[in-house]
Amino acid sequence: IAKGNSMIGAGIHPGDYVIIRRQQTANHKDIVVALLDGKNNLKKLIRNGKKSILRSCNRDKSLFPDIIPQEGEELQIQGAAVGVYHRFQAI
C-alpha cells in the first residue's frame, strides 16, 4: 500500500495498491521498490553512469528531494512496479 505523496505525479496516491514484480535489477526510469539504509522506498530509478538515484514523482522537490546513496551505502532493488490499483471511494 502506497504511503505519502511522493509519487502522485506518476498516478500513485496514498492508499493505492502498487503491484510489484520481484526482481533485483531495473532500468533507467523504472518505478522501483528499493532498500536503502534499512528503509523501503517506492521511487523512480534514475541511472547516471554508475550512479543510481531514487527520485520522487512530485513537483515539489523541496519536500521530496532526490535520494542519492552515499559512499558505502548499498541500494538494493527489490522489485519494479507493473501496475497500480486505485480503490474507488464514493463521495
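In this predicted model, strand 3 (39–48) contributes the most to the lining of the largest pocket, with four residues. Strand 1 also takes part, since strands 1 and 3 each supply at least two lining residues. The space in this pocket comes to about 290 Å³. Its lining holds 17 residues, and those closest to the pocket centre are I1, A2, N40, N41 and L42. By class, the lining consists of nine nonpolar, six polar and two charged residues.

Two of the residues closest to the pocket centre, I1 and A2, lead to G15. Leaving aside residues up to four places away in sequence, G15 touches I1 and A2. G15 sits in the segment before strand 1, which spans 17–22. Its relative accessible area is 30%, which lies between the 20% limit for buried and the 50% limit for exposed, so G15 counts as partly exposed. L36 lies 21 residues from G15 in sequence, and the C-alpha atoms of G15 and L36 are 22 Å apart in space.

N58 belongs to the loop between strand 4 (51–55) and strand 5 (76–85). Buried means under 20% relative accessible area, and N58 has a relative accessibility of 11%, so N58 is buried. The contacts of N58, not counting residues up to four places away in sequence, are with N5, S6, I8 and F64. Within the excluded sequence range there is a polar contact to D60: the side chain of N58 reaches the backbone nitrogen of D60 at 2.8 Å.

How values were computed:
Residues are numbered from 1 along each chain as its sequence is written. This is a predicted model: local features need pLDDT of at least 70, side-chain atom pairs count only at pLDDT 80 or more; totals for chains, interfaces and linings use all residues. Side-chain values use heavy atoms; hydrogens and water are left out. Buried means under 20% relative accessible area, exposed over 50%, partly exposed in between (1.4 Å probe, protein chains only). Contact means heavy atoms within 4.5 Å. On a 1 Å grid over the protein atoms alone, a cavity is a set of points where a 1.4 Å probe fits but cannot get out, and a pocket is an open set with protein on both sides within 12 Å along at least five of seven lines; lining residues have an atom within 4 Å of a point. Grid points are joined across faces, edges and corners, and a volume is the space filled by probe spheres set on the points. Ala, Val, Leu, Ile, Met, Phe, Trp, Tyr, Cys and Pro count as nonpolar, Asp, Glu, Lys and Arg as charged, and the others, Gly among them, as polar. A polar contact is a pair of N or O atoms within 3.5 Å; within protein, one must be able to donate a hydrogen and the other to accept it, and residues adjacent in sequence count only if both atoms are side-chain atoms.
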